[in-house]
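Me: I would like to learn how to read helices, strands and cysteines from a model, one feature at a time. Could we go through them together?

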Amino acid sequence: MRYAIFTDIHANLEALEAVLAKIDELAQEDPIDELWFLGDLVGYGPNPNECIKKLRERTDVIIAGNHDWAAVGKLDLDDFSEAARISAEWTATQLTEENRAFLANLPERIQKGECLLVHGSPYGPLWEYLTSEVLAERSFQHFNSRYCFVGHTHVPVIFQQPDTLSNTPTSPLANGEVMENLDDEETAALEAVDGSSPSNTSEKQQDNEASTVGSTRQQSQAAQSGEKTESAHTETEQIQNLVADAADAIADLQHQIADDAPEANPETPSELKEIITNQESNEDADADEETLDSEEGETETDDEYASAEAIQDAEDLINQEIEELLTLLGLSQSMIDVTNEMLVPPEGLWQAPEHHRAIVNPGGVGQPRDGDPRAAFMIYDTNGGFTFYRIPYSFEKTQEKIEKAKLPQYLATRLAYGR
């Protein structure tokens, strides 16, 4: 069986048409059985109704993204950045009643054989960005199939984990003595990663001892052990709360990466060129021609790359803040035992190692964010593995539509830079 899998169209009709055309071309060589879409049909882009119509005609499986539900009032817009909120509000005014009902009824997740399909992650189907092994570790505990396909980040990525780790049952602790030998970090790791609860096991054993042995000495020992267990349990709860707070903070920072980079200079290269040309006509052409030509080239170059640099600077700053937060909390070393590996997929064939599970993101169709403006998708062949594709499309046309719709200029500018 062969499946075409793609995500995050974001109402970019030109990118969607380019991807579908490539899928049709590939199907001529080797039939494709189904098309699966992983969420965010709308948001940011200028053609929500057209993209929904085309996708419904062509796609076999469609799940909800956060922008899909935001556009129909199922998610609070207070959780979105300004650009995303403006786009969602605009999209809401454009949708037909039929398409509004369609988006509202999309499922958060779908299981297809050995594959789970979600937009964000198995742990947070709509919102969580999987950007590191630390974050992916938790998601591996929330699905049982061999593969999980996700979108949301708009970046192609693979997280792989030996299936023996996820399929091996957690061994219960044997007695309270084991509990006493665990330090705080080991206790947290056991509970956070394996799902075991040393405190519960120890308490249960103490209850049994207290009920079957009536001696004062045994009761005293049980009471002392119970105090230790209660203390460990309290600290474990504190650690869990800390991890949860950290995950929320990371999610907030990731939303800034996705939506809150500085807005581009409103003057386009063509507008600047016109200004310079007008200035040139008012001056002595022979005297200043060389200087003006130089200024024109420099101005166009500055404008062309200023927004891309601003976006990259914002991403670098926020990624640094995320890493500092993880380091500060010690998540990657003490609280979570990282058993998976993050890979950047090649443009072409990738095969999962034998006896491994994987979380796979094909990258975004209409809003790539890995520095490559080309639309991304993949083909999953159950016999041959995964093939990743990047397809060029006319983003200039999409940019014109965004500007005509009076959506934030930044949403148009970043298409050219894959940011």
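Reply: What follows takes helices, then strands, then cysteines, in a model that is predicted.

Me: To start with the helices, which residues of helix α4 are buried, and how should their spacing be read?

Reply: The general idea is that an α-helix has 3.6 residues a turn, so residues three or four places apart point the same way. In this structure, helix α4 covers residues 82-94 and reaches 19 Å from its first C-alpha to its last, close to the 18 Å expected at 1.5 Å a residue. The buried residues of α4 are A83, A84, S87, A88, W90 and T91. Because they cover an arc of only 165° around the axis, they lie on the same side of α4. On the other side of α4, E82 and T93 are exposed.

Me: Which residues are buried in helix α5, and against what do they pack?

Reply: Helix α5, made of residues 97-104, buries N99, F102 and L103. These cover an arc of only 95° around the axis, which puts them on the same side of α5. The buried residues of α5 pack against α2 (48-58), β3 (61-62) and α3 (66-70).

Me: Turning to the strands, how many bridges join β4 to β5, and in which direction do the two run?

Reply: Strand β4 (residues 109-112) and β5 run antiparallel and are joined by four bridges, with I110 having L117 as its bridge partner in β5. The two strands form a hairpin with two residues between them, and G113 in the turn has a positive phi of about 60°.

Me: What lies on the other pairing of β5, the one with β6?

Reply: Three bridges join β5 to strand β6 (residues 147-149), and here the strands run parallel; C115 has Y147 as its bridge partner in β6. Together with helix α6 (residues 133-140), β5 and β6 make a right-handed β-α-β unit.

Me: Are the faces of β5 covered or open?

Reply: Both faces of β5 (residues 115-118) are covered, since C115 and L117 on one side and L116 and V118 on the other are all buried.

Me: Finally, how many disulfides does the model hold?

Reply: In general, a disulfide is a covalent bond between the sulfur atoms of two cysteines. With a cut-off of 2.5 Å between cysteine sulfur atoms, the count here comes to zero disulfides. C148 is in no disulfide, and the nearest cysteine sulfur, that of C115, is 9.1 Å away. C148 counts as buried at 0% relative accessibility, and C51 counts as buried at 1% relative accessibility.

Technical notes
Residues are numbered from 1 along each chain as its sequence is written. This is a predicted model: local features need pLDDT of at least 70, side-chain atom pairs count only at pLDDT 80 or more; totals for chains, interfaces and linings use all residues. Side-chain values use heavy atoms; hydrogens and water are left out. The expected span of a helix is 1.5 Å times one less than its number of residues. Buried means under 20% relative accessible area, exposed over 50%, partly exposed in between (1.4 Å probe, protein chains only). The arc is that of the directions from the helix axis to the C-beta atoms. Two strands pair if DSSP finds at least two bridges between them. A crossover is right-handed if, with the strands pointing away from the viewer, the path from the first strand over the helix to the second runs clockwise. Contact means heavy atoms within 4.5 Å.
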